Amino acid sequence: MEKQDSVQRFLELIRSSHRGKFKIYIGMSAGVGKTYRMLQEAHQLLDAGVDVCIGYVETHGRAETEALIAGLPLLPRRKIFYKGKELDEMDTQAIINLHPEIVVVDELAHTNVEGSGNPKRWQDVMQILEAGISVISAVNIQHIESLNEAVEQITGVEVRERIPDSVLATADEVVNIDLTADELIDRLKAGKVYRSDKIAAALNNFFTQDNLLQLRELALKEVAMRVGKKVENQVAEGDKALHARILAVIDSSEKRARRVIRKTARMATHLNALFTVLYIQSDREASDRIPLARQRYLINNLDLAAELGGEIRRIHSNAPVAAIIKLCEEQKISIVCIARPEFSLFSLLKNAIDLRRLLGKLSRMNIDLFIMS
């Protein structure tokens, strides 16, 4: 009955808007049943007379999932030749031309084959939504951009395929597909997740009890937070006033800056706040003096900040504390986030003096300072 109510609510959302509505199923890992649930929903919609089709589904050879495809309208995939091989991709233009009411699109974080219209499948989905077609999709928790480092700490693996948090923020419904760690491990051992030759390796690596417990907690918290934000926005009835504005100050390092950006983006989401990412370029890092590697890190990290919904500010100054304070005054910043200083013998005194000056000025302005580890 609960599943039927969920389907009906989504259907009502669809019919009240010109832009397509977006529903995302989230799970803690492969094998929890996201694709299975999407196909079940497609059957319910089809039985209710809704024009629904399958844009792309990946069954991974799972018999239970493959059985559910029968009877559903399935759009042919687009053939792309890449490095001498014929590969399949979702045919986004065919979906837009056919214009069903709802389309099911699996594996939201997928990277498209070179030569596709968009580099990422989530970009295809945005294009489909803009065409007025509603989408039901799915993603695992480890593919969410701002959780990338948290997942790496849990599993020891850096996930390469990721979706910006802004994609989740556009979703009209976010639904958690939940299993206990024991239930998922039992499914894996029964051959319902991977082929038999992959089971032992999966159990010893990604699918350990400890990993799954922590990933499950991440998934539950993420969906609860997204649902909470949706309720807050509905209660506000279109009031765009946010509770805080956060400033993340980064340097041209690779991982330290990236960590500050991701953690600030998470904080902004929790606080329902806007955030700005500031890079202060000193004479030492002028465009003709900054090493190419650090220039590349900076460009990538500023792109990441934009993907996560941050405003980008680049300021040339040899007085970083003054530059930070000035921007805080301009933007009425309430929280400043910086990376933990890397104290070397050479820089110890300068860093300590700058940090003390910054703390003193922010304190007088009633601005909180967060030092990200």
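1. Let's start with overall size. In this predicted model, the radius of gyration is 23 Å, which agrees with the value near 21 Å that a compact globule of 373 residues would have. Along the principal axes, the C-alpha atoms fill a box of roughly 70 × 50 × 40 Å.

2. On to the fold's make-up. The protein has 14 helices and 12 strands. If we take the contacts between residues at least 6 apart in sequence, 75% of them join residues at least 24 apart.

3. A word on interior and surface. Of the 373 residues, 49% are buried. The exposed area comes to about 19,100 Å², and carbon and sulfur atoms supply 51% of that area.

4. For anyone setting up electrostatics, here are the charges. The protein carries 51 positive and 51 negative charges, and the mean positions of these two sets lie 6 Å apart.

5. Strand 1, residues 22–27, deserves a look in the viewer. Because 6 of its 6 residues are buried, strand 1 is largely enclosed by the rest of the structure. Both of its faces are covered: one side carries F22, I24 and I26, the other K23, Y25 and G27, and all of these are buried. Do note that K23 is among the buried residues here.

6. Which strands pair with strand 1? One partner is strand 6 (residues 134–140), which runs parallel to strand 1 and is joined to it by 6 bridges. Within that pairing, G27 has N140 as its bridge partner. Another partner is strand 7 (residues 173–177), also in the parallel sense, over 5 bridges. There, Y25 stands opposite V175.

7. Now for some backbone angles you may want to check. As background, most residues other than glycine have a negative phi. E107, which is not a glycine, has a positive phi near 55°. E107 sits in the loop between strand 5 (102–105) and helix 5 (121–130). Is E107 buried, partly exposed or exposed? Its relative accessible area is 26%, above the 20% limit for buried and below the 50% limit for exposed, so E107 counts as partly exposed.

8. N366 is another case: its phi is positive, about 60°, although N366 is not a glycine. You will find N366 in the loop between helix 14 (348–364) and strand 12 (368–372). With a relative accessible area of 68%, which is over the 50% cut-off, N366 is exposed.

Technical notes
Residues numbered from 1 in each chain as written. Predicted model: local features only at pLDDT ≥ 70, side-chain atom pairs only at ≥ 80, totals over all residues. Heavy atoms only, no water. Helix = DSSP H or I, 4+ residues; strand = E, 2+ residues; numbered from the N terminus. Rg over C-alpha atoms; globule rule 2.2 N^0.38 Å. Buried < 20%, exposed > 50% of the residue type's maximum accessible area, 1.4 Å probe, protein only. Contact = heavy atoms within 4.5 Å. Areas by Shrake-Rupley, 256 points an atom, 1.4 Å probe, with all protein chains shown as cover. Lys, Arg positive; Asp, Glu negative; His and termini not counted. Charge placed at Lys NZ, Arg CZ, Asp CG, Glu CD. Pairing = 2+ DSSP bridges.
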